[in-house]
Amino acid sequence: MAFNIDLERYGVVLPVMPENWKHYIGVNLENVDQTIERLRTDEGCLERIAGAGHEWAMRNYIPKKVATRLLEMTA
(Lines give C-alpha, C1' and ligand atoms only; values in the text may rest on other atoms or scores of the structure.)
Protein backbone atom coordinates (compact mmCIF):
# COMPACT_ATOMS: atom_id res chain seq x y z
CA MET A 1 0.00 0.00 0.00
CA ALA A 2 1.44 3.34 -0.98
CA PHE A 3 0.46 6.61 0.60
CA ASN A 4 1.91 9.68 -1.03
CA ILE A 5 1.03 13.26 -1.77
CA ASP A 6 -1.61 13.63 -4.48
CA LEU A 7 0.84 13.56 -7.38
CA GLU A 8 -1.35 15.40 -9.90
CA ARG A 9 -2.39 18.09 -7.44
CA TYR A 10 1.21 18.89 -6.60
CA GLY A 11 2.48 18.82 -10.18
CA VAL A 12 4.45 15.58 -10.11
CA VAL A 13 5.00 14.11 -13.57
CA LEU A 14 6.20 10.56 -14.07
CA PRO A 15 6.73 8.71 -17.36
CA VAL A 16 3.73 6.54 -16.49
CA MET A 17 1.42 8.16 -13.97
CA PRO A 18 -0.46 6.12 -11.38
CA GLU A 19 -4.10 6.96 -10.77
CA ASN A 20 -5.00 8.34 -7.36
CA TRP A 21 -7.30 6.03 -5.37
CA LYS A 22 -6.71 3.29 -7.91
CA HIS A 23 -2.94 2.66 -7.71
CA TYR A 24 -2.06 4.68 -4.59
CA ILE A 25 -3.64 6.89 -1.97
CA GLY A 26 -2.73 10.48 -2.72
CA VAL A 27 -3.15 12.87 0.17
CA ASN A 28 -4.08 16.52 -0.27
CA LEU A 29 -1.98 18.11 2.45
CA GLU A 30 -4.50 20.92 2.77
CA ASN A 31 -7.30 18.47 3.59
CA VAL A 32 -5.88 15.33 5.21
CA ASP A 33 -9.20 14.70 7.00
CA GLN A 34 -10.86 14.04 3.63
CA THR A 35 -8.45 11.16 3.00
CA ILE A 36 -8.99 9.74 6.47
CA GLU A 37 -12.75 9.89 6.05
CA ARG A 38 -12.61 8.14 2.69
CA LEU A 39 -10.46 5.38 4.19
CA ARG A 40 -13.07 4.93 6.93
CA THR A 41 -16.04 4.75 4.57
CA ASP A 42 -14.59 2.81 1.60
CA GLU A 43 -14.39 -0.71 2.97
CA GLY A 44 -11.86 -2.85 1.18
CA CYS A 45 -10.11 0.07 -0.45
CA LEU A 46 -6.76 -0.69 1.16
CA GLU A 47 -6.60 -4.21 -0.26
CA ARG A 48 -7.97 -3.14 -3.65
CA ILE A 49 -5.53 -0.25 -4.04
CA ALA A 50 -2.59 -2.31 -2.80
CA GLY A 51 -3.26 -4.97 -5.42
CA ALA A 52 -3.80 -2.50 -8.25
CA GLY A 53 -0.73 -0.50 -7.23
CA HIS A 54 1.44 -3.59 -7.20
CA GLU A 55 0.22 -4.61 -10.66
CA TRP A 56 0.78 -1.07 -11.99
CA ALA A 57 4.33 -0.93 -10.58
CA MET A 58 5.21 -4.36 -11.97
CA ARG A 59 3.82 -3.41 -15.38
CA ASN A 60 5.49 0.00 -15.60
CA TYR A 61 8.51 0.25 -13.31
CA ILE A 62 10.37 -3.05 -13.37
CA PRO A 63 14.04 -2.48 -14.31
CA LYS A 64 13.58 -3.62 -17.92
CA LYS A 65 10.74 -1.11 -18.49
CA VAL A 66 12.69 1.74 -16.92
CA ALA A 67 15.82 0.90 -18.94
CA THR A 68 13.81 0.70 -22.16
CA ARG A 69 12.29 4.15 -21.56
CA LEU A 70 15.73 5.57 -20.79
CA LEU A 71 17.20 4.12 -23.98
CA GLU A 72 14.28 5.45 -26.03
CA MET A 73 14.88 8.93 -24.58
CA THR A 74 18.53 8.91 -25.57
CA ALA A 75 18.04 7.50 -29.08
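Is Glu 37 buried, partly exposed or exposed? In this predicted model, Glu 37 counts as partly exposed, at 39% relative accessibility. The residue also takes part in a salt bridge, and the account below begins with such charged pairs before turning to the aromatic rings, to selected residues and to a helix.

Side chains of opposite charge can pair when their charged atoms come close. By the rule applied here, the structure contains 3 salt bridges. Glu 37 pairs with Arg 40, and the closest N and O atoms of these two side chains are 3.8 Å apart. Both residues belong to helix 1; because they are 3 residues apart, about one helical turn separates Glu 37 from Arg 40. An α-helix has 3.6 residues a turn, so residues three or four places apart point the same way. Arg 40 is exposed, with a relative accessible area of 64%, whereas its partner Glu 37 is partly exposed.

A salt bridge also joins the side chains of Arg 9 and Glu 30, with an N to O distance of 3.0 Å. This pair links distant parts of the chain, the two residues being 21 residues apart. Arg 9 belongs to the loop between strand 1 (3–5) and strand 2 (25–27), while Glu 30 belongs to the loop between strand 2 and helix 1 (32–41). Glu 30 is exposed at 65% relative accessibility, and Arg 9 is partly exposed at 45%. Another salt bridge connects Asp 42 with Arg 48, where the closest N and O atoms are 2.9 Å apart. Arg 48 is partly exposed, its relative accessible area being 44%.

The aromatic residues were examined next. A pair of aromatic rings is described by the distance of the centres and the angle of the planes. The structure holds 1 aromatic pair. It is formed by Trp 56 and Tyr 61, whose ring centres are 5.2 Å apart and whose planes make an angle of 45°. The pair is classed as tilted because this angle is neither under 30 degrees, as stacking would require, nor over 60, as an edge-to-face arrangement would require. Trp 56 is buried, with a relative accessible area of 12%, whereas Tyr 61 is partly exposed at 28%.

Charged side chains also lie over aromatic rings. The charged end of Arg 69 sits over the ring of Tyr 61, at 4.7 Å from the ring centre. Arg 38 lies over the face of Trp 21, where the distance to the ring centre is 4.1 Å. Trp 21 is placed in the loop between strand 1 and strand 2 and counts as buried at 14% relative accessibility. Its backbone deserves a remark. Most residues other than glycine have a negative phi, and most peptide bonds are trans. Trp 21, although not a glycine, has a positive phi of about 70°.

Several of these residues meet again in the surroundings of Val 16 and Asn 60. Val 16 is found in the loop between strand 1 and strand 2 and is partly exposed at 22% relative accessibility. Apart from neighbours within four places in sequence, Val 16 is in contact with Trp 56, Asn 60, Tyr 61 and Arg 69. The C-alpha atoms of Val 16 and Leu 71 are separated by 16 Å, with their positions 55 residues apart along the chain counted as their separation. Asn 60 is located in helix 2 (residues 45–60) and counts as buried at 12% relative accessibility. The side chain of Asn 60 reaches the backbone oxygen of Trp 56 at 2.9 Å. When residues up to four places away in sequence are set aside, Asn 60 touches Val 16, Lys 65 and Arg 69.

Phe 3 lies in strand 1 and is partly exposed, with a relative accessible area of 48%. Not counting residues up to four places away in sequence, Phe 3 touches Ile 25, Leu 39 and Leu 46. The C-alpha atoms of Phe 3 and His 23, which are 20 residues apart along the chain, are separated by 9.8 Å.

Finally, helix 3 (residues 63–74) was considered as a whole. At 1.5 Å a residue, its 12 residues should span 16 Å, and the 17 Å between its end C-alpha atoms agrees with this expectation. Of these 12 residues, the number buried is 1, so helix 3 lies largely in the open.

Technical notes:
Residues numbered from 1 in each chain as written. Predicted model: local features only at pLDDT ≥ 70, side-chain atom pairs only at ≥ 80, totals over all residues. Heavy atoms only, no water. Phe/Tyr/Trp six-rings, centres within 6.5 Å; stacked < 30°, edge-to-face > 60°. Buried < 20%, exposed > 50% of the residue type's maximum accessible area, 1.4 Å probe, protein only. Lys NZ or Arg CZ within 6 Å of the ring centre and 35° of its normal. Salt bridge = Lys/Arg side-chain N within 4 Å of Asp/Glu carboxyl O. Helix = DSSP H or I, 4+ residues; strand = E, 2+ residues; numbered from the N terminus. Expected span 1.5 Å × (residues − 1). Polar contact = N/O pair within 3.5 Å; in protein donor to acceptor, adjacent residues only side chain to side chain. Contact = heavy atoms within 4.5 Å.
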